[in-house]
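Me: Hi! Could you walk me through this one while I have it open?

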Amino acid sequence: MTYIYIVTDCEFDGPIPGRHSMLSFASVAVSQTGEILGEFEAVLEPLEEAGRDPATMDFWRRHPEAWAAVTENAQAPEAVIMQFVAWVKAFGGEPIFAAHPVSLDGPWIDYYLKRFTGRPLFEGPWISDRLFRYAPLCLMSMLSGKTGRAFWNCDVVHYPSEWLGDIEHTHRAIDDARGYGNLLGFLIRHQ
């Protein structure tokens, strides 16, 4: 069986899925040997009933280029999620969701999958046609376990740039997903 990691980064306008909106997300498909297989990137229209968190919006005001990237050419979230599901399924094999950290990005993908497909991020073995077969992978935890680094030192500001494929962490979802995809590839190749 072929396993494919779907390394995902999300950008949002507040900390709570549903109360706030996911502005954009991007995923990089990584093979079980660490090769980059493809990319998905989307900007989403805000949820109609959602508000914006003032502290999060203060962050975006300090990063105007990133704000432009997460708001330009926004599409309806239901269409984006259906495109994402089709993209993941097109790889065949067994996709595994991964994020850095999964505790931040996972709830956003879970919420949007549940809302627009009726299916959560993680489904038990009683579901035969799961989008993701295994529990999501936390790249921070994986890095800590593989390198022996203290968990609190598992952040992009503490990584050598080559671990991220020399890709700058910009808060544009595709840049950050590419960096984390390269990080996973590095960890796979240096077991």
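Reply: Happy to. This is a predicted model, and its sheet is a good place to start: five strands form an open sheet in the order E3-E2-E1-E4-E5, with mixed pairing.

Me: Which strands stand at the edges?

Reply: Strand E3 (36–43) and E5 do. Each has a single partner strand, so one side of each is left without a neighbour in the sheet.

Me: And how do E2 and E3 pair?

Reply: They run antiparallel, over seven bridges. One pairing to look at is Ser-27, whose bridge partner in E3 is Phe-40.

Me: What does H3 touch on the sheet?

Reply: H3 packs on the sheet and touches E1, E2, E3 and E4. The direction of H3 makes about 175 degrees with that of E3.

Me: Switching to aromatics. How many pairs are there?

Reply: The count comes to 15 aromatic pairs. One of them is Phe-25 with Phe-40, a tilted pair at 5.6 Å centre to centre, with 35 degrees between the planes.

Me: What does that pair tie together?

Reply: Phe-25 lies in strand E2 and Phe-40 in strand E3, so the pair links parts that are 15 residues apart in sequence.

Me: Are those two buried or exposed?

Reply: Phe-25 is buried, with a relative accessible area of 0%. Phe-40 also counts as buried, at 9% relative accessibility.

Me: Why is the pair of Phe-59 and Trp-60 called edge-to-face?

Reply: Their planes are at 75 degrees, and planes over 60 degrees apart count as edge-to-face. The ring centres of Phe-59 and Trp-60 are 5.1 Å apart. Trp-60 is buried too, with a relative accessible area of 3%.

Me: Which residues make up the cluster with Phe-25?

Reply: Phe-25, Phe-40, Phe-84, Trp-87 and Phe-91 form one aromatic cluster.

Me: Back to E2 for a second. What is Ser-24 in contact with?

Reply: Ser-24 sits in strand E2 and is buried, with a relative accessible area of 3%. Leaving aside neighbours within four places in sequence, its contacts are Asp-9, Cys-10, Glu-11, Ala-42, Val-43, Leu-44, Val-70 and Ala-173.

Me: Last topic, helix H4. Which of its residues are buried?

Reply: In H4 (residues 102–117) they are Val-102, Asp-105, Gly-106, Trp-108, Ile-109, Asp-110, Tyr-112 and Leu-113.

Me: What covers them?

Reply: The cover includes strands E1 (3–12), E2 (22–31), E4 (94–99) and E5 (137–138), along with helix H3 (77–90).

Me: And what comes just after H4?

Reply: Gly-118, which takes a positive phi of about 80 degrees.

Notes. Residues are numbered from 1 along each chain as its sequence is written. This is a predicted model: local features need pLDDT of at least 70, side-chain atom pairs count only at pLDDT 80 or more; totals for chains, interfaces and linings use all residues. Side-chain values use heavy atoms; hydrogens and water are left out. Buried means under 20% relative accessible area, exposed over 50%, partly exposed in between (1.4 Å probe, protein chains only). Helices (H or I, at least four residues) and strands (E, at least two) are DSSP runs, numbered from the N terminus. Contact means heavy atoms within 4.5 Å. Two strands pair if DSSP finds at least two bridges between them. Axes are lines fitted to C-alpha atoms, for helices over the stretch in contact, and angles run from 0 to 180 degrees between N-to-C directions. Rings of Phe, Tyr and Trp (its six-membered ring) pair if their centres lie within 6.5 Å; planes under 30 degrees apart count as stacked, over 60 as edge-to-face and the rest as tilted.
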